[in-house]
Amino acid sequence: MILILNSIGRPDMAAYLALCLGAFIMCMILLMQWIESRGSYFGGAKTSVPIQLKRIENRTLNALLHLIAYGMLILYVTPVAVVVLFSFAPGSSIGVETFPSSFTLANYGNVFSGGSAFEPFFNSLQMSLLAVSIGLAATLFAVPIMVKHKNWFTRILDLGFFLPWLVPSVLLAIGLIVTFDRPSILVANFVLVGSFMIVPLGYAINSLPLLVRFIRAAFLGVDPAFD
């Protein structure tokens, strides 16, 4: 809808819609933080014991939560499944057919035969590994601090990691260009604009909110006595 509003000459409405979306996401993040701050995520036993599943006795609530959980699973898995499915389809059917009418291994043959199709695949692999490495380097350092210490600084730090969900991708790209089109001490005085590293850096910034959520969930399940 934001793109459509821009295309019909209403950037004011597009900006308003983006701000509303950002405000809604921020409210959800604050709600999640409040719920997490009230919970206890580790057992009180002095010796390690297997995690015990908690059964929901109310059948209606049990069915509703399972329905929501499986619905979220489908939402997360469907885009990946579609990509995998169309990787076996001819290129002409991508973006045209809802479901591939034919399947082939030619795409994989073109990529892994070492021809020109392998280079973009290898570049994507490099960029994804670099992006995840950069994101993990930041979040693995910050998340344990945010989990252990509950104060105004860690709350601001936590919210800062979710800014990529609030800032439109185009604005994020412009920010990267403006920041790294000259030597910067943040990257050892290199100019990143026009280089290979600017794209993995953008991917890493976009991945920060999800990495924080996943790593926080892992750390919340660790007994603080293990420190």
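The legends below walk through several close-up views of this predicted model.

Residues are numbered from 1 along each chain as its sequence is written. Because this is a predicted model, local features need pLDDT of at least 70 and side-chain atom pairs count only at pLDDT 80 or more, while totals for chains, interfaces and linings use all residues, and side-chain values use heavy atoms, with hydrogens and water left out.

**View 1. The whole chain: nine helices and zero strands.** Let us start with the overall fold, which reads α-α-α-α-α-α-α-α-α along the sequence. Helices (H or I, at least four residues) and strands (E, at least two) are DSSP runs, numbered from the N terminus. The C-alpha atoms fill a box of roughly 60 × 50 × 45 Å, taken along the principal axes. The chain has a radius of gyration of 22 Å, whereas a compact globule of 227 residues would have one near 17 Å; the radius is taken over C-alpha atoms, and the globule rule is 2.2 Å times the number of residues to the power 0.38. Of the 227 residues, 19% are buried. Here buried means under 20% relative accessible area, exposed means over 50%, and partly exposed is in between (1.4 Å probe, protein chains only).

**View 2. Aspartate 158 and arginine 216 joined in a salt bridge.** A salt bridge is a side-chain nitrogen of Lys or Arg within 4 Å of a carboxyl oxygen of Asp or Glu, and a search of the whole structure finds three. In this one, the N to O distance is 2.4 Å. Aspartate 158 belongs to helix α6 (residues 152–161) and arginine 216 to helix α9 (residues 198–220), so the pair ties together parts that are 58 residues apart in sequence. Are these two partners buried or exposed? Both aspartate 158 and arginine 216 are buried.

**View 3. Two more salt bridges, aspartate 12 with arginine 10 and aspartate 181 with arginine 182.** For aspartate 12 and arginine 10, the closest N and O atoms are 2.9 Å apart. Aspartate 12 is partly exposed at 43% relative accessibility, and arginine 10 is partly exposed at 37%. The side chains of aspartate 181 and arginine 182 meet at 3.4 Å, N to O. Aspartate 181 counts as partly exposed with 37% relative accessibility, and so does arginine 182 with 47%.

**View 4. Aromatic rings in pairs and in a cluster.** Rings of Phe, Tyr and Trp (its six-membered ring) pair if their centres lie within 6.5 Å; planes under 30 degrees apart count as stacked, over 60 as edge-to-face and the rest as tilted. The whole structure holds seven aromatic pairs. How are the rings of phenylalanine 112 and phenylalanine 121 arranged? Their centres are 5.4 Å apart and their planes meet at 75°, so the pair is edge-to-face. Phenylalanine 112 is exposed, at 53% relative accessible area, whereas phenylalanine 121 is partly exposed at 35%. Tryptophan 152 and phenylalanine 153 also form an edge-to-face pair, with ring centres 6.2 Å apart and planes at 85°. Tryptophan 152 is exposed at 64%, and phenylalanine 153 is partly exposed at 45%. Ring pairs link Phe88, Tyr108, Phe112, Phe118, Phe121 and Phe122 into a cluster.

**View 5. Cysteine 20 and cysteine 27, two cysteines without a disulfide between them.** The structure holds zero disulfides, a disulfide being a pair of cysteine sulfur atoms within 2.5 Å. Why is cysteine 20 unbonded? The closest cysteine sulfur, in cysteine 27, is 11 Å from the sulfur of cysteine 20, too far for a bond. Cysteine 20 is partly exposed, with 33% relative accessible area.

**View 6. A nonpolar surface patch of about 1,000 Å².** The residues that make this patch are Leu61, Leu64, Leu65, Leu67, Ile68, Tyr70, Met72, Leu73, Tyr76 and Val77. Patches are made of residues with over 30% relative accessible area and no salt bridge; like charges are joined within 9 Å, and nonpolar side chains (Val, Leu, Ile, Met, Phe, Trp, Tyr) within 5 Å. Accessible areas come from the Shrake-Rupley method with a 1.4 Å probe, and for residues only the protein chains shown count as cover. Leucine 67 sits in helix α3 (residues 59–86) and is exposed, at 60% relative accessibility.

**View 7. Glutamate 36 and valine 147, 9.8 Å apart in space.** Glutamate 36 lies in helix α2 (residues 11–38) and counts as buried at 16% relative accessibility. Glutamate 36 and valine 147 are 111 residues apart in sequence, and the 9.8 Å runs from C-alpha to C-alpha.
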